[in-house]
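Dear colleague,

Please find below the structure that I am handing over to you, together with its sequence. My findings follow underneath, with each term explained where it comes up.

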Amino acid sequence: MVRFLIQPPCLRRWFSDMDGTLVGANGQTPGRDAISLAAIGVSKCFGELQALDDVSMQVDAGSFHCLLGENGAGKSTLVKCLVGYYRPDQGNFLIDGREYEVRNPRDAQHLGIGMVYQHFTLAPGLTVAENLLLARGDLPFVLDWKREKTGLSEFMAQMPFRLELGAQVADLAAGEKQKLEILKQLYLRRRLLILDEPTSVLTPAEADEVLGMLHGMTRAGQLTVLMITHKFREVTAYGDVVTVLRRGRPAGTGRVNSTSVEQMAEMMVGTHIHVAVERSQGRAPDAEPGPVRLQIEALQAENDRGTPAIRQFALQVRAGEMVGVAGVSGNGQKELIEVLLGQRAAISGNILVDGEPYQATRVQMRQHGVYSLPEEPLKNACVPGMSVAENMALRNFDLPPVSLGWETGWHVRPAQLNRRARELVEMFGVRPADPSLPIASLSGGNVQRAVLARELAQPVRLLIVANPVFGLDFAATETIHRRLAEARNGGAAILLVSEDLDELLELSDRILVMSEGVIVYEVTADSAERAVIGRYMAGHETHDKELVC
Amino acid sequence: MSDASGGIAVGSLLLALLGGAMRVSTPFLFVSLGECITEKSGRINLGLEGTLVFGAMSGYGVAYLTGSPWLGILAAGGSGLLLGVMHGLLCSLPRVNDIAVGIAMMLFGTGLAFFLGKPLIQPVAPTLPSLVLGGWSSNTQIQEALRINVLLPIGIVLAFALRWAFVHTRWGLALRLVGDNAAAARALGYPVIPVRIAATAVGGFLAGIGGAFLSLYYPGSWNEGLSSGQGLMAVALVIFARWDPVRCALAALLFGAAGALGPALQSQGMTSGYYLFNAAPYVLTLILMSMSWSSGRSLAGAPGELSLVNR
Ligand SMILES: Nc1ncnc2c1ncn2[C@@H]1O[C@H](COP(=O)(O)OP(=O)(O)OP(=O)(O)O)[C@@H](O)[C@H]1O
Ligand SMILES: [Mg+2]
């Protein structure tokens with residue numbers, strides 16, 4: 001909280017001191033105050049699937065309310081009903097004790113309810129300023145850009161983080177986009193802000209910055225926050241009240257300071273469970289790292305805009321070793337993964353797998369056992385319109401036993417394909433457990449599980465993984481981490497690119513830090529220090545720029 | 001080989017090219033501006049070729065019946081608008097692909113125009129007036145080259161107006177938002193489908209006018225061979241112009257010049273081989289398209305919702 005006491009005067013209007021009294025710049029209190037919200041008996045079906053079943057909850061005005069639940073529990077669906085993005089089949093919402101019908105997001109906006117979605121809702125082809133104005137909605141027919149720009153600059157000056165108004169959104173890093181989403185809502189002076197996993201693309205420091213500011217606003221009585229998250233740390237640090245959903249039904253609610261993390265976790269999964277993940281993932285101490293599996297030499301590649309994204313990049317991963325690549329998103333990680341998976345052509349440099357040049361062809365992948373979990377798996381590793389079963393067979397649909405026939409197989413056997421998919425769905429806990437659904441209808445976490453199931457079912461020798469637990473609940477995170485460690489212990493080489501430093505520290509044998517397309521630091525897991533890695537991740541000037549005020 | 005001393009006078013060739021460019025480019029200009037609006041909303045309307053032909057027919061018919069070429073223009077725009085609405089509505093049905101609908105609409109538009117236009121091949125409709133800008137010169141060639149049609153300046157002004165409107169008006173911003181990220185537009189409460197239908201309708205209106213130019217100014221009659229694929233080439237042109245209306249206008253002039261190359265050479269006395277140059281616009285289309293797409297990079301400036309963009 002201390003950080004808000006050193007804001008310039010202009011900022012104070014937005015915040016209060018610790019007692020919750022307002023310290024308005026010229027003694028005025030803001031005109032609009034936080035609102036309360038109640039959901040009563042909300043139900044929603046998607047076809048056969050009951051995503052929400054008679055859910056009621058109460059969010060007090062000025063509170064910081066956290067919503068927890070496993071992947072696919074219905075959290076996003078609930079809040080989308082609330083803001084009018086979906087129509088609930090049953091139930092209604094009370095705002096400040098009065099019933100309102102919210103037919104579409106516009107209605108919610110008029111009531112002062114704003115939402116930051118799990119997926120970005122920015123128009124990448126438009127500028128920061130245009131995105132902000134469009135969100136405001138009450139635009140005159142002809143815009144007075146001069147006046148609007150002044151207004152926007154004044155607003156930006158009051159915020160703890162700033163973005164360039166004229167910048168095109170496509171050029172922003174993921175973390176900056178997330179900040180813009182939140183700025184957008186603050187610009188609209190919301191009284192109730194709903195956040196769907198707002199911190200998944202932020203570094204821990206950025207997350208604290210954003211949540212700390214919102215927390216300050218709830219203390220000032222200006223804002224009510226309803227936040228969906230998978231991170232217990234954020235719940236305990238910022239939340240007042242927590243509500244848990246389980247498979248579409250409310251599983252409990254309580255004040256954060258009187259609910260332990262174990263209790264929350266128990267409510268989420270419905271059984272007693274150990275949250276403290278044992279650090280059993282480490283390699284057996286006597287195991288020697290094997291031969292070099294993946295070698296990258298002097299790799300250069302460009303991003304979509306044609307500017308250099310990876311420069312003179314080099315690394316080695318040995319068999320039985322997990323190498324973690326840390327870094328703030330937008331420093332070339334995405335391009336690196338794309339080059340390794342054959343989605344992007346390198347400008348120069350070599351990629352060797354088992355000492356042989358590697359071009360990521362299907363034959364080479366099979367020959368060397370190279371498998372992967374790219375980020376945004378729905379886009380990068382799935383055919384969204386195909387069923388879960390078909391997606392799970394993308395690696396082996398043309399091989400026995402899934403298909404039969406001359407040499408490689410030209411006749412796919414659906415029975416085999418479905419049987420295999422059902423096994424994997426069972427083994428990896430993909431939900432809903434119906435492999436015939438189109439994969440695009442699964443929640444984000446379940447898509448991730450389905451893809452990981454497919455990849456790990458293969459004879460993996462080299463695994464390339466990007467943000468494997470992005471948006472996953474703690475139980476799924478646990479499972480996936482265990483499976484990665486098992487694969488490594490079984491002799492696979494693993495390259496783990498992640499924005500989550502905790503994950504890297506927990507799993508990797510060696511950590512590299514990537515900044516502006518090069519490796520700037522390397523350290524073994526034993527001697528790794530968070531603070532040092534954090535400093536290298538932040539680079540030199542990039543971070544300072546964002547921490548204005 | 002009129003000139004025994006050999007060669008073709010470069011000056012008069014350029015003049016002929018300029019005049020031809022301004023004539024030939026007008027339909028390109030209108031169709032591409034229309035397509036630009038439609039594509040900004042996130043949809044492609046390949047049916048504009050059909051709209052163009054249908055606009056040419058209906059414009060000619062109405063001009064003939066009423067005696068006013070301006071009413072003809074209006075009728076052409078109106079019928080284009082209807083075809084646009086039809087495309088827009090069809091594409092709004094679930095699981096319908098805009099490119100497939102566009103191809104169907106192209107065949108529908110041309111087919112219907114040929115069918116309804118049969119009785120219009122003989123009669124002569126009044127043509128659009130032209131502006132004589134070359135009155136200061138006594139050179140008939142200059143006079144001829146600078147005799148421009150009224151639609152050309154209207155189109156150029158429209159191009160600048162559109163560029164301005166995309167940035168400075170509420171409708172412009174909303175249109176770009178819908179074309180850039182439909183989910184975001186929906187989340188902000190903008191009506192995605194109505195905006196797209198409206199954009200396709202306006203696009204059809206402009207394409208219809210482009211068609212009326214063919215039948216009411218140059219060549220200035222109705223027949224089934226009137227269009228030579230301008231409607232389709234305009235789609236390529238919009239991509240080349242990176243969805244900027246003013247660049248659309250420049251590209252239209254370039255295409256116009258390419259289209260005028262063959263006739264200009266012919267008018268300069270070249271008697272053989274000039275028809276090779278008639279292929280210039282098509283060759284130009286191919287060259288520009290292969291230049292626009294460089295592998296591995298997304299198309300800068302492309303509306304994110306277009307089915308040809310993968311972002
Ligand atoms: N548009 C849709 N069509 C069909 N099914 C859907 C749709 N949206 C969500 N579902 C299903 O509803 C269930 C709840 O999804 P929801 O997105 O609310 O989960 P969530 O709790 O937000 O999960 P996560 O933590 O993974 O984001 C899931 O089983 C999902 O597959
Ligand atoms: Mg969700």
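In chain A, six strands form an open sheet with mixed pairing, in the order β6-β7-β8-β3-β9-β10. Strands here are DSSP runs of E with at least two residues, helices are runs of H or I with at least four, and both are numbered from the N terminus. Two strands pair if DSSP finds at least two bridges between them. At the edges stand β6 (113–116) and β10 (249–255) of chain A; each has a single partner strand, so one side of each is left without a neighbour in the sheet. On average, neighbouring strands of this sheet are turned by 15° against each other, direction ignored (axes are lines fitted to C-alpha atoms, for helices over the stretch in contact, and angles run from 0 to 180 degrees between N-to-C directions).

The edge strand β6(A) pairs with strand β7 (residues 192–196) of chain A in the parallel sense, over four bridges. Within this pair, A:Ile113 has A:Leu192 of β7(A) as its bridge partner.

Before I continue, please note that this is a predicted model, in which local features need pLDDT of at least 70 and side-chain atom pairs count only at pLDDT 80 or more, while totals for chains, interfaces and linings use all residues. Residues are numbered from 1 along each chain as its sequence is written, chains are lettered from A and ligands numbered from 1 in the order in which they are written, and side-chain values use heavy atoms, with hydrogens and water left out.

Ligand 1 has 21 residues around it, and among them A:Gly72, A:Lys75, A:Ser76, A:Thr77 and A:Ser441 come nearest (near means that a heavy atom of the residue lies within 4 Å). The largest share of this shell, three residues, comes from α2(A). Oxygen atoms of ligand 1 also make polar contacts (pairs of N or O atoms within 3.5 Å). One such oxygen is 2.9 Å from an N or O atom in the side chain of A:Asn71, and an oxygen is 2.9 Å from a polar backbone atom of A:Gly74.

Finally, in chain B, nine of the 11 residues of helix α10 (residues 230–240) are buried, so this helix is largely enclosed by the rest of the structure. Buried means under 20% relative accessible area, exposed over 50%, and partly exposed in between, with a 1.4 Å probe and protein chains only. Among the buried residues of α10(B) are B:Met233, B:Leu237 and B:Ile239. After α10(B) comes B:Arg242, which has a positive phi, near 50°.

Yours sincerely

Notes: A polar contact is a pair of N or O atoms within 3.5 Å; within protein, one must be able to donate a hydrogen and the other to accept it, and residues adjacent in sequence count only if both atoms are side-chain atoms.
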